[in-house]
Amino acid sequence: MASKEGLLFGTAGIPLSSKAPSTRVGIERIHELGLGCMEVEFVQGVRMSPDSARAVGEVAVERNITLSAHAPYFINLNAREPEKIAASRERILQTARITSLFGGSSIVFHAAYYQKDTPSKVYATVKENLEQIVSKLRAEDNRVWVRPETTGKGSQFGTLEEVLELSAGIEGVAPAVDFAHLHARTAKYNSYDEFVAILEQIEGKLGRNALDNMHIHVSGIEYGPKGESRHLLLANSDFRYVELLRALKAHEVGGLLICESPNREEDALLLQQTYRAL
Ligand SMILES: [Zn+2]
């Protein structure tokens, strides 16, 4: 697992300095930059053929770049209409299948909106749907980690507690911890002690393995009373990323750290260099 290599740094999507806007060329660029991973973005839909996925997987192995994927934004496992829930499950399954084909380790997604429902009712609905998804993937011998993400807005399902509870309750489900979202959602979670408390909460709930095998998002972020409004460069935001990196290092967290800043690879490199210099 990723733990052997410690924490890998990379971009959400193809680096902006990539010579061509293709996943394969993007992986080559990640390698040239000296980064270690890339999250493949299917946020507008899963548009990659099985043949392309296999070719992507070959480049990733050759360049020793670990891949993950982000499922489409058009997912709501708590939609009013049953057919929209079914379509949401299908989008998660499609993402997991193509990710497995290119040898990716994890998929991440925003699971649901509360609509007008109570958090506990939404939790039960999301859990039931994730159980169906994971059992289908296991029947297909697909071992990709299914990771609901901590979300950035109060209207979105995905507090840290919800994501950890799902991970504890369903084998094959693990958290995608977006630290910028946690900060934007609460205006808290922006100091070394708070970051350490999050890591201890994860370890307490899921065990040490969860810290060895994390999928993390980091970026600068702008937010208001309702949570996130947009991503920013780290330098232009109030997010105390050095303190986060210190906490990750002190707790020997392993896995993937994906940078979602607008300048992608520049902030990913900043994070990697800062981490290594600690
Ligand atoms: Zn996301």
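In this predicted model, the buried residues of helix H7 are Phe-195, Val-196, Ile-198, Leu-199 and Ile-202. Viewed down the axis of H7, these buried residues fall within an arc of 155°, so they line one face of the helix. An α-helix has 3.6 residues a turn, so residues three or four places apart point the same way. The face of H7 turned away from the buried side carries the exposed residues Asp-193 and Gly-204. Helix H7 comprises 15 residues, 192-206. From its first C-alpha to its last, H7 reaches 21 Å, close to the 21 Å expected at 1.5 Å a residue. After H7 comes Gly-207, which has a positive phi near 90°.

The buried residues of H7 are covered by both helices and strands. Among the helices are H5 (160-169), H6 (179-186), H8 (208-212) and H9 (241-250). The strands include S6 (176-178) and S7 (214-218).

The zinc ion has as its protein donors the NE2 atom of His-70, the NE2 atom of His-110 and, listed twice, an OE atom of Glu-149. These donors lie 2.1 to 2.5 Å from the zinc ion. The angles subtended by the 4 donor atoms range from 54 to 147°, which makes the arrangement around the zinc ion irregular. For four donors to count as tetrahedral, all angles would have to lie between 85 and 135 degrees. In sequence, the donor residues follow the spacing H-x39-H-x38-E. Of these, His-110 and Glu-149 link distant parts of the chain, being 39 residues apart. His-110 is in the loop between strand S4 (106-109) and helix H4 (119-139), while Glu-149 is in the loop between strand S5 (145-148) and helix H5. His-110 counts as buried because its relative accessibility is 15%, the cut-off being under 20%. Glu-149 is also buried, with a relative accessible area of 2%.

The count of disulfides in the model is 0. A disulfide is a covalent bond between the sulfur atoms of two cysteines. Cys-37 is in no disulfide, and the cysteine sulfur nearest to it, that of Cys-259, is 10 Å away. Cys-259 is likewise in no disulfide, its nearest cysteine sulfur being that of Cys-37. The 10 Å separation does not meet the criterion for a disulfide, because the two sulfur atoms would have to be within 2.5 Å. Cys-37 is buried, with a relative accessible area of 0%, and Cys-259 is buried, also with a value of 0%.

Terms used: Residues are numbered from 1 along each chain as its sequence is written. This is a predicted model: local features need pLDDT of at least 70, side-chain atom pairs count only at pLDDT 80 or more; totals for chains, interfaces and linings use all residues. Side-chain values use heavy atoms; hydrogens and water are left out. Buried means under 20% relative accessible area, exposed over 50%, partly exposed in between (1.4 Å probe, protein chains only). Helices (H or I, at least four residues) and strands (E, at least two) are DSSP runs, numbered from the N terminus. The expected span of a helix is 1.5 Å times one less than its number of residues. The arc is that of the directions from the helix axis to the C-beta atoms. Contact means heavy atoms within 4.5 Å. Donors are N, O and S atoms within 2.8 Å of the metal (3.2 Å for Na, K and Ca); water is not among the atoms, so sites may look incomplete. Four donors count as tetrahedral if all angles lie between 85 and 135 degrees; four count as square planar and six as octahedral if opposite donors are over 155 degrees apart and all others between 65 and 115; anything else is irregular.
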